[in-house]
Amino acid sequence: MAALRHLTILGSTGSVGINTLDVVARHPERFRIAALAARSRVDVLFDQCVRFRPDVAVMLEARAAEQLDHRLRSAGVECSVRCGTHALEQAAALPHVDTVMAAIVGIAGLRPTLAAAKAGKKVLLANKESLVTAGPVLMDAVREGGATLLPIDSEHNAIFQALPRAHQQGLESVGVRRVLLTASGGPFRMTPLRQLEHVTPDEACAHPTWVMGRKISVDSATMMNKGLEVIEAHWLFGAGADQIEVLIHPESVIHSLVEYVDGSVIAQLGNPDMRTPIAFALGFPERIDAGVEYLDLSRIGALHFERPDMKRFPCLKLAFAALRAGGSAAAVLNAANEVAVESFLDGRLSFSRIPALIESVLERTAPSAPRSLEDVLAADSEARLQAGRWLADARTGTRSVRKTRSA
Ligand code: NAD
Ligand code: MG
């Protein structure tokens, strides 16, 4: 029988968090929830605590934590309720925890993910933004902490499955020529370009094949999600920008592919359901039931592929450029994108202006070479400041040419 694993889920109330608990609930003999953490959805975290009985529950916001604590006490559920960013890091590094699902969205997930890596946990990485912004810092923490990093992003999980275990020695050494990341193309793959000016947040979040949180849904519509995944693939697999290709595949059945020097291409397929990569990583190296519907290719009939159009998806081009530029460029790209997406979701920026904001922030922010968490956070803050100025200028109709010093 497999040993009981003790889990922390960071971002348990989100789309990946809820899918993780769904898989966990199918295997009570394998997994026990030690800690659950989220930002502010008290109702959802309360229900999860009642059902999974974690030792610790963390809410980022103090008021939300107070409400949760009160409700749990009234219900007679024993649980230590904590709040704040430090509590998130503590939950990720609890001594009796061996596995941490990193499923907070955005750079907010960086500190706790780093804490899990430093503490030598098995880190299931959904929070791609932490690897995009702090690639070298996080990879060093994984090595130094003796942690295991397993990708949850379906594309990277697919590549991980299609690679031999020895790939850590370098892709060339295992005969890999390229990795191919598939992308659905999002809801606006066929929308006439001039209509993109007027699309609404709800339209952008109506993804054709995946049900996800709002930030990643908008990223999928702009294809910045694929851009972030290109950078993520670079850090996870040591692939250079020229070894990564993006392929639009609207059915989202092939989750990604690895091409070998002998012409073989190995792909991983399955219905688009995040419980497959989650179950793969939870059970690794064993396979466990994920509760997903099995793939019926005869019902699907045909699979389609096309190259992404960089005019339609300039964010993808910006991400490749940031990967090639190296240093702080990816952290700046990510910060500008987080501000742009939030502004779009709040109705302050049109969808078609998202790439313009990001490009301008990349131009205005002097590059640096972050070596520590603090350096990464400095580059992030500087980029947010520039993004704020760009938005203010756009509102007043002026164009600033401010250049900044190195972050
Ligand atoms: P979501 O918006 O549904 O959930 C985000 C979770 O993070 C919530 O539990 C929220 O409470 C928590 N959170 C947000 N800000 C926080 C903060 N400052 N402090 C603490 N907790 C905070 O997002 P999601 O779709 O589940 O995505 C989570 C991560 O997984 C993202 O990085 C995303 O790119 C990645 N991912 C998601 C999917 C998917 O299918 N949803 C697929 C691949 C990768
Ligand atoms: Mg993905």
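Let me begin with Glu 229, which is buried, with a relative accessible area of 0%. What we are looking at is a predicted model, and I will start from this residue because Glu 229 is one of the residues that coordinate the magnesium ion, ligand 2, and because a relative accessible area of 0% falls under the 20% cut-off for a buried residue.

The magnesium ion (ligand 2) is held by Asp 153 through OD, by Glu 155 through OE and by Glu 229 through OE, at 2.1 Å. If you follow these donors along the chain, their spacing reads D-x1-E-x73-E. The pair of glutamates links distant parts of the chain, since Glu 155 sits in helix H7, residues 154-162, while Glu 229 sits in helix H10, residues 224-237, and the two are 74 residues apart. Glu 155, for its part, is also counted as buried, because its relative accessible area is 8%.

Let me now turn to strand S7, which covers residues 148-151 and contains Leu 149. Is Leu 149 buried or exposed? Leu 149 counts as buried, because its relative accessibility is 14%. Setting aside residues up to four places away in sequence, Leu 149 touches Val 123, Leu 125, Met 139, Val 142 and Leu 236. Ile 358 lies 209 residues from Leu 149 along the chain, and the C-alpha atoms of these two residues are separated by 29 Å.

Towards the start of the chain, the loop between strand S1 (5-10) and helix H1 (15-25) holds Thr 13. With a relative accessibility of 8%, Thr 13 is classed as buried. Which residues is Thr 13 in contact with, once its neighbours within four places in sequence are left aside? They are Ile 18, Ala 38, Arg 41, Val 44, Leu 45 and Gln 48.

On the surface, by contrast, Leu 269, Leu 297 and Ile 300 make up a nonpolar patch, and together they have about 220 Å² of accessible area. Ile 300 belongs to helix H12, residues 297-300, and this residue is counted as partly exposed because its relative accessibility is 32%.

Finally, a word on confidence, which should be kept in mind when reading any of this. The mean pLDDT of the protein is 95, and 98% of its residues reach 70 or more. Over residues 400-407, however, pLDDT stays under 50, and for that stretch the model has 22 contacts beyond four places in sequence.

Definitions and conventions. Residues numbered from 1 in each chain as written. Chains lettered and ligands numbered in written order. Predicted model: local features only at pLDDT ≥ 70, side-chain atom pairs only at ≥ 80, totals over all residues. Heavy atoms only, no water. Donors = N, O, S within 2.8 Å, 3.2 Å for Na, K, Ca; no water. Helix = DSSP H or I, 4+ residues; strand = E, 2+ residues; numbered from the N terminus. Buried < 20%, exposed > 50% of the residue type's maximum accessible area, 1.4 Å probe, protein only. Patch = residues over 30% accessible without salt bridge, like charges linked within 9 Å, V, L, I, M, F, W, Y side chains within 5 Å. Areas by Shrake-Rupley, 256 points an atom, 1.4 Å probe, with all protein chains shown as cover. Salt bridge = Lys/Arg side-chain N within 4 Å of Asp/Glu carboxyl O. pLDDT = per-residue confidence, 0-100. Contact = heavy atoms within 4.5 Å.
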